[in-house]
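Dear colleague,

I am passing on to you the structure below, together with some notes on what I found in it. Please read the notes with the coordinates open beside them.

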Amino acid sequence: MKEPWTCMSPVTNSFIQLMFHLYHKMRWFGFSLLRHTSSLPSSVTGTCCLHQGVSTGPHARCRSAIPGQRCQHRRGVSSALRPHTQDLTEPEQRLLNKLYEGLIGGQRASLAESITLVETQQPRKKELAQVLLQRVLAYRREQESLNGGKPVAFRVGLSGPPGAGKSSFIEVVGKMLTGRGHKVSVLAVDPSSCTTGGSLMGDKTRMTELSRDMNAFIRPSPTSGTLGGVTRTTNEAIVLCEGAGYDLVLVETVGVGQSEFAVADMVDMFVLLIPPAGGDELQGIKRGIIERADLVVVTKSDGDLMVPARRIQAEYTSALKLLRRQSKSWNPKVVRASSHTSEGIPEVWAKMESYRDAMLASGELQGRRRAQQKVWMWSLIQENVLLHFQNHPGVREALPHLEERVTKGAISPGLAADLLLKAFSSE
């Protein structure tokens, strides 16, 4: 009998071989984020045996630190990692303990340092960041259990074309909510230059009042070439902000197009901001970013732009009726607001609260979060697979010659890709 992949194309066949090769390689190395977790003190009551290192054999039962609950981790995970266990050094343990205690204590300096640790590209620090995240996740699960299983924070993503007034809108909304007793964190993503690789980081300078508010935290981050309007670590930064006690997390993305909206896969509610001159009804019904919007806000609705804003509101309301509903509990709304006069801002927040209450009552919000975690797991797998491929010795050796032959037209790009995949999977 033929193997299933013998009927596939050469490129698909090589890719499958690549994935099998990576699978066996990752089994040999183990998961570093769990490898180091066992050496940390178990300061969180919800930490399970995998994080405490209590499993002593292949048939050891998995015990949870929470009475009456059984740990859901598979037995084979801890046993597979045991031969590669390495203890953290004392300075690393002190660093992680200091960051964790400061983070759950609501210290903004510890939160900023933790996000810096998550954003690093240094391999050892990336492992430390994952250990810290595991502790924060355990703490967050404990807080959610005390909250009746409901999320303790509300995640809102804000996107839109450049010049839509995202930063101004966030400052007005943020100041209003901190005045009502909320703790607001803002993760502002700035675009990186394609030539120099640098970022201006100008979003925080636009939020002068909010940046001085002790109940607010603003963190600008560069995209560093990541598409979709967010960084690869934005999802992890959200977890850290929630662990620090911020009950509202606003993610401001760079100005994105109709298809690049990765922020929708990491937040509870996706808000699209459009200026009054943001296109006609035909632009509104184009499949893309408008399909993912839970709320559309027409900004700059004041002065001479009041009439165009009303027209755009009517056109987008009509356009949304033609799109398939994403949720059984919520119909997307179109509202107008002005950051200059604050008109319509309380109504926008009221719509956000109505959305949150409806999604929590139906259970869709919790289901969306579970689905998002799976999406981002596979996104990071794809990114790391590409990194392994690029750093492979066989690929690095063959790449310059094959690139030269492709540029000269001697071979096709598809054949070159196939040869590189075979070089990767041959060892």
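Of the contacts in the protein chain with a separation of 6 or more, what percentage comes from residues 24 or more positions apart? In this predicted model, such pairs account for 74% of those contacts. The protein chain has 18 helices and 7 strands, and 44% of its 427 residues are buried.

Two parts of the chain may be worth your attention.

The first is helix H15, which runs over residues 345–362 and, with its 18 residues, reaches 26 Å from the first C-alpha to the last, close to the 26 Å expected at 1.5 Å a residue. Its buried residues are Ile 345, Val 348, Trp 349, Met 352, Tyr 355, Met 359 and Leu 360. Because these residues cover an arc of only 125 degrees around the axis, they lie on the same side of H15. Just after H15, Gly 363 takes a positive phi of about 85 degrees.

The second is the pair formed by helix H6 (residues 108–119) and helix H11 (residues 234–243), whose axes come within 10 Å and cross at roughly 155 degrees. Since angles over 145 degrees count as roughly antiparallel, H6 and H11 are therefore roughly antiparallel to each other, and H6 passes H11 in a right-handed crossing. Where the two helices meet, H6 contributes Leu 111, Ser 114, Ile 115 and Val 118, while H11 contributes Glu 236, Ala 237, Leu 240 and Cys 241.

With best wishes

Conventions:
Residues numbered from 1 in each chain as written. Predicted model: local features only at pLDDT ≥ 70, side-chain atom pairs only at ≥ 80, totals over all residues. Heavy atoms only, no water. Helix = DSSP H or I, 4+ residues; strand = E, 2+ residues; numbered from the N terminus. Expected span 1.5 Å × (residues − 1). Buried < 20%, exposed > 50% of the residue type's maximum accessible area, 1.4 Å probe, protein only. Arc of directions from axis to C-beta. Axes fitted to C-alpha atoms, helices over the stretch in contact; angles between N-to-C directions. Parallel < 35°, antiparallel > 145°, perpendicular 65-115°, else oblique. Left-handed = near helix turned anticlockwise from the far one by under 90°. Contact = heavy atoms within 4.5 Å.
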